[in-house]
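Dear colleague,

Please find below the structure that I am handing over to you, together with its sequence. My findings follow directly after it.

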Amino acid sequence: MRALVVEELKADYAGCVVKEIPTPEPGPGQVRIRVRAAAVNFPDLMQTRGEHQHKPEAPFVGGLELAGEVDKLGPGVTSFAVGEAVVCGGRGGFAEFALVPVEGLRRKPANLTFGQAAGYPVAYLTAYVALKRCADAQPGEWVLVHGAAGGVGLAAVDYARLLGCKVIAASASDEKLAVIAAEYDVDATVNVTGGFRERVKEITGGRGADVIYDPVGGDVFDESVRCIAFGGRLLSIGFTSGRLPVMPVNIALIKGISLMGVRAGEYGRQFPRKGRENNEAIWKMAEDGLVKPRVDAEYPLSEWRAAFETLAQRKVVGKTIIRPDL
């Protein structure tokens, strides 16, 4: 089978190559998936350089989210049938076939394409854990979403609207903000270039945002603590800016705000029952057609570098998908 193999950990994806490798055979409790779509996430890019907290040993096949069809069942697997459309996380999505444990499989909602399904779980689980479990965002509250055009940002925009919150979508691109405004009916948009504190205060009638969802960090975090409402909740999702920010404790004291770190997967590991509830909740939203996961573009496996660059160059609105079946 063809696969994108990370043979060495190097900058600029220099250790990555598309090559033929043996098609894996499923063992007990495993299922082989014919991959129809694999989402590209920042951790996928970071793992090619060994910069992510999870460091698989090279050589390995990346691709943390995938959707496809059951191709072959391992011994003892009876809960799925060959040909069923499924979605799962793990590793190995950037290949024509992937082996996954059967307990990690979920049937694909019929109303989602393979691309939508592949890019759904990480983004929407992050948004759910952040806004529902951590911040307990309430109807009518102002939610400022940074990096709103990215996968986890757009999921937060979508889910916050479902919660009945008033949403401010923030990005450094007017073009991306126009797409979000047209497709997601947000209450306001903010271009963060040159600062955004006064604009957020203006939008919220001087109060500031009740909840701030920040996957960016750096300067965006620094300014966010200056436009958050009294008693607000600042959700730290990640640091795509490349700089780890520092919270000024005097501002936290004066404003009575809470800083919450969000790792949706770790939340589920620490609280298994809640973790199962979280997953059931997000997939029910998808099955009921309540959310709108957005695929920005799809690329064949041979154009993996162009797909990676859509994230690295911040060109995407929603999710980028690699299609190994093309």
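Leaving aside its neighbours within four places in sequence, with which residues is Val-192 in contact? They are His-146, Ala-170, Ser-171 and Ala-172. Please bear in mind throughout that this is a predicted model.

Val-192 sits in the loop that runs between β11 (188–191) and α6 (197–203). Although placed in a loop, Val-192 counts as buried, because its relative accessible area is 17% and the cut-off for buried is under 20%. Between Val-192 and Ala-169 the C-alpha to C-alpha distance is 10.0 Å, with 23 residues separating the two in sequence.

Ala-169 also appears among the contacts of Ile-180. With neighbours within four places in sequence set aside, Ile-180 is in contact with Ala-148, Ala-149, Leu-154, Val-157, Ala-169, Asp-185, Val-186 and Val-317.

Nonpolar cores

The largest nonpolar core holds 51 residues, and Ile-180 is one of those that touch the most other members. The others in that group are Tyr-120, Leu-131, Val-145, Val-157, Tyr-213 and Leu-235. Helix α3 (residues 121–134) is the element that gives the most to this core, contributing 8 residues. Separate from it is a second core, which has 36 residues, including Ala-38, Leu-66, Val-100 and Phe-308.

A buried polar side chain

Asn-278 belongs to helix α10 (residues 272–287). Why does Asn-278 count as buried? Its relative accessibility is 1%, and the cut-off for buried is under 20%. The side chain of Asn-278 makes a polar contact, at 2.8 Å, with the side chain of Arg-133. Arg-133 is also found in the list of residues in contact with Asn-278 once neighbours within four places in sequence are left aside, along with Leu-125, Tyr-128, Val-129 and Tyr-267.

The second largest pocket

The space in the second largest pocket comes to about 170 Å³. Its lining is formed by Met-1, Ile-21, Pro-24, Val-61, Arg-91, Gly-92, Ala-95, Phe-97, Ala-98 and Leu-99. Of these lining residues, 8 are nonpolar, 1 is polar and 1 is charged. Which element supplies the largest share of the lining? Strand β7 (residues 97–101) does, with 3 residues.

Backbone points to note

Most residues other than glycine have a negative phi, and most peptide bonds are trans. Three places in the model deserve mention in that light.

- The peptide bond from Ala-58 to Pro-59 is cis, its omega being near 0°. Pro-59 lies in the loop between α1 (42–47) and β4 (60–61).
- Asp-136 is a residue other than glycine with a positive phi, near 50°. Asp-136 lies in the loop between α3 and β9 (142–145), and it counts as partly exposed because its relative accessibility is 44%.
- Asp-185 likewise has a positive phi, near 55°, and is not a glycine. Its place is the loop between α5 (174–184) and β11. Asp-185 counts as exposed because its relative accessibility is 53%, and the cut-off for exposed is over 50%.

Asp-185 also links back to the largest core, being one of the contacts of Ile-180, which is itself among the members of that core touching the most others.

With kind regards

Conventions: Residues numbered from 1 in each chain as written. Predicted model: local features only at pLDDT ≥ 70, side-chain atom pairs only at ≥ 80, totals over all residues. Heavy atoms only, no water. 1 Å grid on protein atoms, 1.4 Å probe; cavity = no way out; pocket = protein on both sides within 12 Å on 5 of 7 lines; lining within 4 Å. Points joined across faces, edges and corners; volume = space filled by probe spheres on them. Helix = DSSP H or I, 4+ residues; strand = E, 2+ residues; numbered from the N terminus. Nonpolar A, V, L, I, M, F, W, Y, C, P; charged D, E, K, R; others polar. Core = buried A, V, L, I, M, F, W, Y, C linked by side-chain atoms within 4.5 Å. Buried < 20%, exposed > 50% of the residue type's maximum accessible area, 1.4 Å probe, protein only. Contact = heavy atoms within 4.5 Å. Polar contact = N/O pair within 3.5 Å; in protein donor to acceptor, adjacent residues only side chain to side chain.
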